[in-house]
Amino acid sequence: MLVARPAFRPALVRGLALQALRAGPRAAGAVEAWWPVTRVAVLAKPFGHHRWSSTKTTVGEAVLCNKSDTVVLSVPHSDEMRFPFVWLRDNCQCSVCFHTDSRSRTIDVQTFDINSKPTEVKVSRDTVHIIWLDGHVSDFNINWLKEHSFQKEAQQMWLKSMYRLPRKTWTAQSFEDILTRFQFSDVLKSDESLYNWLVNLATFGVSIIENAPAESSTIRNLAERVAFIRRTHYGEEFSVRAKPGTTNVAYLSANLQLHTDLPYYNYKPGANLLHCLVQTESDGGSNLLTDTLAVAEWIKRVDANSYQVLTQTIVDWNDIGQEDGNHFHSIHRAPVISENRFGEIERINFSQPQRDSHFNIPVEDVKPWYQAMDKFIKAVYSNDFCVTYKMKEGEVLTFDNIRLLHGRRKYEDTGNVVRHVIGGYLDWDEIWSRIRVLKKEIHPSD
């Protein structure tokens with residue numbers, strides 16, 4: 001308990017208290033110290049959360065909890081929040097520890113003490129004020145702490161609103177309902193239209209941009225509205241026209257099987273932009289599209305074993321050829337359905353022409369893989385999941401290249417009409433970055 005003493009000597013008491021804190025909570029509990037309760041109270045017998053100090057105001061209450069090495073923050077209309085000492089010290093927002101303009105942590109990682117402890121916590125207006133054992137001072141805005149809370153709900157909200165938008169699957173039956181159209185001029189001039197297009201693309205994996213000018217620079221102008229074109233060994237923009245002697249089956253007028261582009265790239269382009277300059281007059285030339293997220297969910301539900309095979313069997317993908325004199329030999333090894341560490345589908349890899357004959361798996365696993373693939377292929381081509389869409393001249397078909405399979409029906413050119421599509425790629429890292437920037441500008445309160 002606190003003992004009154006006529007001659008109060010703060011320097012001596014501070015020294016005793018700091019020695020006790022360095023020695024740990026048990027030693028601190030054995031010390032009788034004299035300190036104003038608005039500063040730090042060292043307790044003769046720890047109780048409850050082993051409080052060292054606390055302050056309570058109309059905006060909230062902060063308590064030091066020695067038992068869990070956390071600051072416990074209670075604010076109106078919110079559940080209790082806990083912030084580890086080490087995290088708070090690591091995220092100090094002062095000018096010594098944080099560079100505001102670059103929003104970057106500048107604490108020297110080599111000298112950072114993971115065992116730093118506070119001696120005092122105060123709540124004043126909208127700020128939590130912390131004094132550390134070494135005398136360092138940290139101030140945290142309460143709203144900032146709420147945004148960075150370790151509460152599961154707060155974390156999930158941030159992940160869904162800022163990290164990745166939830167994806168919504170579709171089937172052939174619902175395709176027309178989810179397909180959204182945007183005007184090219186609006187996307188180029190209006191940030192709101194640009195934001196809506198990108199959000200729609202991220203959510204459903206496909207959308208149409210209409211009334212694009214019949215110019216070779218259209219795809220570049222659209223891509224640069226977001227960030228920049230992703231260059232591959234096929235260049236930046238690429239023209240899809242039937243041409244003899246090609247090393248790419250996409251440059252034929254025959255059927256183009258469902259596939260993802262460039263599965264042989266370790267970091268493959270995320271979004272595909274296809275601008276239709278000239279459409280064939282024949283009955284063919286339609287695009288095929290399948291949402292493989294919907295297919296994967298279905299397979300996982302009806303045949304868990306096949307789903308496991310498709311997510312765990314490593315397949316070799318390659319591309320050998322040349323484009324405009326540039327010779328290449330690309331290889332990437334990954335399952336058809338690639339999951340991340342959270343069990344979420346991160347990427348689809350599939351292209352019949354680009355699947356290598358090298359199959360570096362145990363021989364007894366080969367037949368089960370083909371059986372699982374048979375179920376996958378039947379599903380992606382089925383009327384339940386696969387849709388046919390024939391682009392009109394002036395339309396740009398935009399779709400998620402790590403989610404959707406796309407293909408094309410065979411067609412016939414005539415002497416006067418040669419089907420011509422110009423394509424280009426965007427990376428999802430750049431798309432997500434643009435979405436976040438636009439969101440803060442257009443919908444800052446969301």
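Author: A cavity is a set of grid points where a 1.4 Å probe fits but cannot get out. The structure above is a predicted model, and cavities are a suitable place to begin.

Reader: How many cavities of 30 Å³ or more does a search of the whole structure find?

Author: The search finds three cavities of that size. The largest cavity holds about 380 Å³ of space. Its lining is made up of 25 residues. Those nearest its centre are Ala-250, Leu-256, His-259, Asp-261 and His-406.

Reader: How do the residues of that lining divide into nonpolar, polar and charged?

Author: In the lining of the largest cavity, 14 residues are nonpolar, eight are polar and three are charged.

Reader: Which strands supply at least two residues each to the lining of the largest cavity?

Author: They are strand 12 (238-240), strand 13, strand 14 (271-278), strand 22 and strand 23 (420-426). Strand 13 gives the largest share, with three residues.

Reader: In what order do the strands of the sheet containing strand 13 and strand 22 stand?

Author: The order is 13-22-15-20, in an open sheet of four strands with antiparallel pairing. Strand 13 (256-259) and strand 20 (386-389) are the edge strands, each pairing on one side only. From one strand to the next, the twist averages 15°. Within this sheet, five bridges pair strand 15 (residues 287-291) with strand 22 (residues 404-408) in the antiparallel sense. For example, Leu-405 in strand 22 stands opposite Thr-290.

Reader: Which helix lies across these strands?

Author: Helix 12 (residues 366-381) lies across strand 13, strand 15, strand 20 and strand 22. Its direction is at about 110° to strand 13.

Reader: What is the order of the sheet that includes strand 12, strand 14 and strand 23?

Author: That open sheet has six strands, ordered 10-11-21-14-23-12, and its pairing is mixed. The edge strands, strand 10 (181-183) and strand 12, each pair on one side only. Neighbouring strands of this sheet are turned by 25° against each other on average, direction ignored. Strand 10 pairs with strand 11 (residues 206-210) in the parallel sense over three bridges, and Gln-183 stands opposite Glu-210 in strand 11. Helix 9 (residues 218-226) lies across strand 11, strand 14, strand 21 (396-400) and strand 23. The angle of helix 9 to strand 14 is about 150°.

Reader: How should side chains along a strand be read, and how many bridges join strand 16 to strand 17?

Author: In a regular strand, the side chains alternate between the two faces of the sheet. As for the pair, nine bridges join strand 16 (residues 315-323) to strand 17 (residues 326-334), and the two run antiparallel. Asn-318 has Ile-331 of strand 17 as its bridge partner. The two strands form a hairpin with two residues between them, where Asp-324 takes a positive phi near 55°.

Reader: Where does pLDDT stay under 50?

Author: Where pLDDT is low, the predicted coordinates should not be read in detail. Here pLDDT stays under 50 over residues 1-52. For that stretch the model has 65 contacts beyond four places in sequence. The protein chain averages a pLDDT of 87, and 86% of the residues score at least 70.

How values were computed. Residues numbered from 1 in each chain as written. Predicted model: local features only at pLDDT ≥ 70, side-chain atom pairs only at ≥ 80, totals over all residues. Heavy atoms only, no water. Pairing = 2+ DSSP bridges. Axes fitted to C-alpha atoms, helices over the stretch in contact; angles between N-to-C directions. Contact = heavy atoms within 4.5 Å. pLDDT = per-residue confidence, 0-100. 1 Å grid on protein atoms, 1.4 Å probe; cavity = no way out; pocket = protein on both sides within 12 Å on 5 of 7 lines; lining within 4 Å. Points joined across faces, edges and corners; volume = space filled by probe spheres on them. Nonpolar A, V, L, I, M, F, W, Y, C, P; charged D, E, K, R; others polar.
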